[in-house]
Amino acid sequence: MDTAVASPYRAYKPQAFTRSERDHVTVLFGGLHWRAERVLQGALENLGYRARMLPTATKEDLLAGREVADIGQCCPTSFTTGNVVNFLRGEAKRIGPEEVAKKYVYVTAGSCGSCRFGQYHQSYELALRNIGMESFRMFLLAQDGMDQGPSAGGGLELDVPFTMGAIWAILATDVVQDLEYQIRPYEVVPGATERVAGECVELLYEAFRDRPVRSRKWGAAAWHIVTPYFLRTLAEVHRRFGAIEVDRLRVKPVVKITGEFYLQTVEGEPNYDIHRWLESEGAEVYPAAVTVWLDYLLRFAAQQAEDRIGVARNARVKRLALRAAQGLLRWSYDRMRRALGDLPHEIPDQYELRSLAAPYFHSRLDGGEGDMLIGKALWAYHHKKAHMTCELSPYACMPNTMSIGAMAGVIGKHPDLLYAPLEIKGDAEVHALSRCQMILTEAKRRAQREFDDALGVNGLTVESARALLERHPEMKQATYRVPRRGAAGTAANLVLHLAERSRQ
């Protein structure tokens with residue numbers, strides 16, 4: 001007779017990471033695109049941390065994540081779990097598991113809420129147990145702070161310089177990524193944009209690593225808000241991109257990327273390398289800025305404060321403070337846009353997104369990206385920011401399933417809105433990309449019709465438009481700003497701009 005007694009479940013409690021360990025313990029992190037991660041590394045090193053980016057997750061990581069954690073986890077969790085597991089396995093073979101536990105800590109995103117994002121801790125804990133590395137230290141960063149256990153040793157300090165450095169790194173890399181994606185489809189010399197983007201990210205890495213912040217409190221926040229320090233680096237970024245020659249008379253549909261945070265942000269196998277695949281299919285990609293997510297979090301917190309006015313003490317003051325924080329975030333982002341010649345896209349107004357989504361999705365539902373996915377699709381449609389929207393969703397993700405369901409109502413009212421919802425499983429690439437390709441085919445037709453209409457209304461042909469372009473060689477510079485003249489496509493706007501210039 002089996003007399004074994006079941007042990008009660010005990011939540012994962014990592015040993016504290018102490019301040020004295022910073023000199024010899026490396027902080028591992030990942031989950032964003034490579035530009036943001038590299039510049040975040042510089043911001044962490046500036047504060048005395050040893051930091052290391054994990055490599056971009058691969059299909060091998062997906063399989064490892066499924067092997068060592070629960071099979072019910074969503075696609076992003078499988079990739080990120082397998083990513084850290086494979087790194088730890090490799091290091092354990094090299095220096096031994098005990099040394100790995102001493103040498104590294106892992107910081108990743110975590111939260112509570114209505115989706116499996118709230119179960120990341122359990123997935124990572126199960127994975128560590130299954131590879132025999134229960135002593136490895138892992139800390140989850142949530143919206144309300146970081147759980148470093150009851151005996152936290154201050155090894156990771158979420159102080160003002162840490163927070164401002166991380167946010168400003170995201171702002172800076174968002175505008176650079178946006179500029180890069182606007183240029184690469186039109187570059188005359190293949191690979192030129194890739195090379196310059198790599199150089200510019202290294203410039204930003206050095207700028208953040210060497211930033212002269214000394215105050216540990218609100219003086220650091222004020223410095224980040226008013227300093228021209230980062231703008232000077234971005235001015236050099238602008239100069240370097242300006243050396244790239246482009247041909248913007250190439251007709252390409254603009255595809256707006258939205259979806260679950262990880263899948264819309266990462267570049268590589270976790271989302272079938274959708275950004276580069278779209279470019280290879282002849283599209284111009286409008287990437288998802290992380291800043292928009294930060295703006296959404298502030299908007300949602302302000303809503304919650306607003307709902308508590310008259311009930312909770314200081315709710316009105318809190319709402320005003322959060323709205324002010326939103327204003328500062330947007331103002332700081334726009335400063336960086338101006339340093340790049342106002343070329344990166346502006347971030348949409350969160351309250352306009354809420355208003356656009358309101359007939360289809362309640363603004364107080366906070367799972368995943370909430371009402372923002374509906375709002376962004378309608379915003380891009382009404383303002384002609386893109387020819388189509390591609391929404392990337394983890395398989396069986398509840399918040400994104402709600403979004404896709406609500407979009408059925410949107411399409412019913414706006415049947416000409418091109419929308420491609422892709423369920424990302426990590427190993428069903430052909431199915432997802434073929435679905436996207438069907439919608440992309442129509443987007444290409446629309447971009448071509450738009451271009452042909454711009455030529456026709458101005459009595460131009462492709463040859464005469466190109467002749468006009470030759471008279472204005474400055475328009476061949478990657479950093480020349482083509483004004484928007486009511487078209488979604490770059491080529492159509494350039495034709496309208498050329499015709500306007502020829503009449504002056």
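Start with three helices in this predicted model: select helix 8 (218–226), helix 9 (229–241) and helix 13 (315–339). Each of them supplies at least two residues to the lining of the second largest cavity. Helix 13 gives the most, with three residues.

Now show the lining itself. Select W168, H224, I225, T227, F230, L231, S332, R335 and M336. These residues line the second largest cavity. Its volume is about 60 Å³. Colour the lining by residue type: five residues are nonpolar, three are polar and one is charged.

How many cavities of 30 Å³ or more are there? The count comes to five.

Go next to the largest cavity, with a volume of about 90 Å³. Select K256, Y286, P287, A289 and V292. Of the 14 residues in the lining, these are the closest to the centre of the cavity. What kinds of residue make up the lining of the largest cavity? Nine are nonpolar, one is polar and four are charged.

Leave the cavities and move to the strands. Select strand 3, residues 104–109. Is strand 3 mostly covered or mostly uncovered? Mostly covered: five of its six residues are buried. Buried here means under 20% relative accessible area.

Keep strand 3 on screen and add strand 1, residues 26–29. The two strands run parallel, and three bridges join them. For the last stop, zoom in on T26. Opposite T26 stands Y104 in strand 3.

Technical notes: Residues numbered from 1 in each chain as written. Predicted model: local features only at pLDDT ≥ 70, side-chain atom pairs only at ≥ 80, totals over all residues. Heavy atoms only, no water. Buried < 20%, exposed > 50% of the residue type's maximum accessible area, 1.4 Å probe, protein only. Helix = DSSP H or I, 4+ residues; strand = E, 2+ residues; numbered from the N terminus. Pairing = 2+ DSSP bridges. 1 Å grid on protein atoms, 1.4 Å probe; cavity = no way out; pocket = protein on both sides within 12 Å on 5 of 7 lines; lining within 4 Å. Points joined across faces, edges and corners; volume = space filled by probe spheres on them. Nonpolar A, V, L, I, M, F, W, Y, C, P; charged D, E, K, R; others polar.
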